[in-house]
Amino acid sequence: MANFTLDAQSRAEDKQGKGSSRRLRLESLVPAIIYGGEAEPVAVTIELRQLVKALEDNAFFEEVIAIKVGDKVENVKIQALQRHPAKNTPMHADFKRA
């Protein structure tokens, strides 16, 4: 069972891209994607505060993470994390289904 649980909102296709991602970051949201397995990739947003708190624990990078998207729960592992070069805050996360 996952020790980490994150709440996410799915992102519409018109809310994807460079400009939309920048607007999301201004609202303290981090764009992310969940991919892998048999299901289609899902674009989501995660609250910055919630992600930063989870990143404080090194086990976050090794263990299975449960991401709640609406009423569905995805069990994933973090695949990649892009950070701001100066501020070191997360800018984008990639999650792979476990």
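**View 1. Ser 28, a loop residue with a positive phi.** In this predicted model, Ser 28 counts as partly exposed because its relative accessibility is 41%. Ser 28 belongs to the loop that runs between H1 and E2. Have a look at the backbone here: phi of Ser 28 is near 60 degrees, a positive value in a residue other than glycine. As background, most residues other than glycine have a negative phi. Ser 28 also turns up in the lining of the largest pocket, together with Leu 29 and Val 30.

**View 2. Asn 88, another positive phi in a loop.** Asn 88 sits in the loop between E5 and E6. Although Asn 88 is not a glycine, its phi is positive, at about 65 degrees. Is this residue buried, exposed or partly exposed? Asn 88 counts as partly exposed, because its relative accessibility is 48%. Lys 87 and Thr 89 are among the residues that line the largest pocket.

**View 3. The largest pocket and its lining.** Rolling a probe the size of a water molecule over the atoms shows where empty space is left. Here the largest pocket has a volume of about 160 Å³. Its lining is made by Arg 25, Ser 28, Leu 29, Val 30, Leu 48, His 84, Lys 87, Thr 89, Pro 90 and Met 91. Which strands each supply at least two residues of this lining? They are strand E2 (29-35) and strand E6 (90-97). By residue class, the lining divides into five nonpolar, three polar and two charged residues.

**View 4. Helix H2, with Val 52 and Lys 53.** Val 52 is found in helix H2, and Lys 53 lies in helix H2 too. Val 52 counts as partly exposed because its relative accessibility is 33%. Lys 53, on the other hand, counts as exposed, since its relative accessibility of 63% is over the 50% cut-off. Two distances help to place the helix. From Val 52 to Pro 90 the C-alpha atoms are 7.5 Å apart, with these positions 38 residues apart in sequence numbering. From Lys 53 to Arg 11, 42 residues apart along the chain, the C-alpha separation is 22 Å.

**View 5. The largest nonpolar core.** In soluble globular proteins, nonpolar side chains tend to be buried together. The largest nonpolar core of this model holds 20 residues, and the members that touch the most others are Leu 6, Phe 60, Ile 65, Ile 67 and Phe 95. Which elements give two or more residues to this core? They are strand E1 (4-10), E2, strand E3 (42-47), helix H2 (48-55), strand E4 (65-69), strand E5 (72-83) and E6. Zoom in on Ile 67 and, leaving aside neighbours within four places in sequence, you will find contacts with Leu 6, Ala 8, Ile 34, Lys 72, Val 73, Glu 74, Val 76 and Phe 95.

**View 6. Thr 45 in strand E3.** Thr 45 is part of strand E3. Why does Thr 45 count as buried? Its relative accessible area is 5%, and buried means under 20%. Setting aside neighbours within four places in sequence, Thr 45 is in contact with Asp 7, Ala 8, Gln 9, Arg 11, Leu 24, Leu 29 and Val 30. Of these contacts, Leu 29 and Val 30 also appear in the lining of the largest pocket.

**View 7. Ser 20 in helix H1.** Helix H1 covers residues 18-26, and Ser 20 lies in it. Ser 20 counts as buried because its relative accessibility is 10%. Not counting residues up to four places away in sequence, Ser 20 touches Asp 14 and Lys 15. The C-alpha atoms of Ser 20 and Pro 31 are separated by 9.3 Å, and these residues are 11 apart along the chain.

**View 8. Gly 70 between E4 and E5.** Gly 70 is placed in the loop between E4 and E5. Gly 70 counts as exposed because its relative accessibility is 69%. Its C-alpha atom is separated by 7.5 Å from that of Ala 8, although the two residues are 62 apart along the chain.

**View 9. The annotated domain.** An unreviewed UniProt entry annotates residues 6-95 as "domain: Large ribosomal subunit protein bL25 L25". Over residues 6-95 the chain is 19% helix and 46% strand. How far apart are the end C-alpha atoms of residues 6-95? They are 12 Å apart.

Definitions and conventions. Residues numbered from 1 in each chain as written. Predicted model: local features only at pLDDT ≥ 70, side-chain atom pairs only at ≥ 80, totals over all residues. Heavy atoms only, no water. UniProt positions renumbered as here; feature names shortened; annotations may be inferred. Helix = DSSP H or I, 4+ residues; strand = E, 2+ residues; numbered from the N terminus. 1 Å grid on protein atoms, 1.4 Å probe; cavity = no way out; pocket = protein on both sides within 12 Å on 5 of 7 lines; lining within 4 Å. Points joined across faces, edges and corners; volume = space filled by probe spheres on them. Nonpolar A, V, L, I, M, F, W, Y, C, P; charged D, E, K, R; others polar. Core = buried A, V, L, I, M, F, W, Y, C linked by side-chain atoms within 4.5 Å. Buried < 20%, exposed > 50% of the residue type's maximum accessible area, 1.4 Å probe, protein only. Contact = heavy atoms within 4.5 Å.
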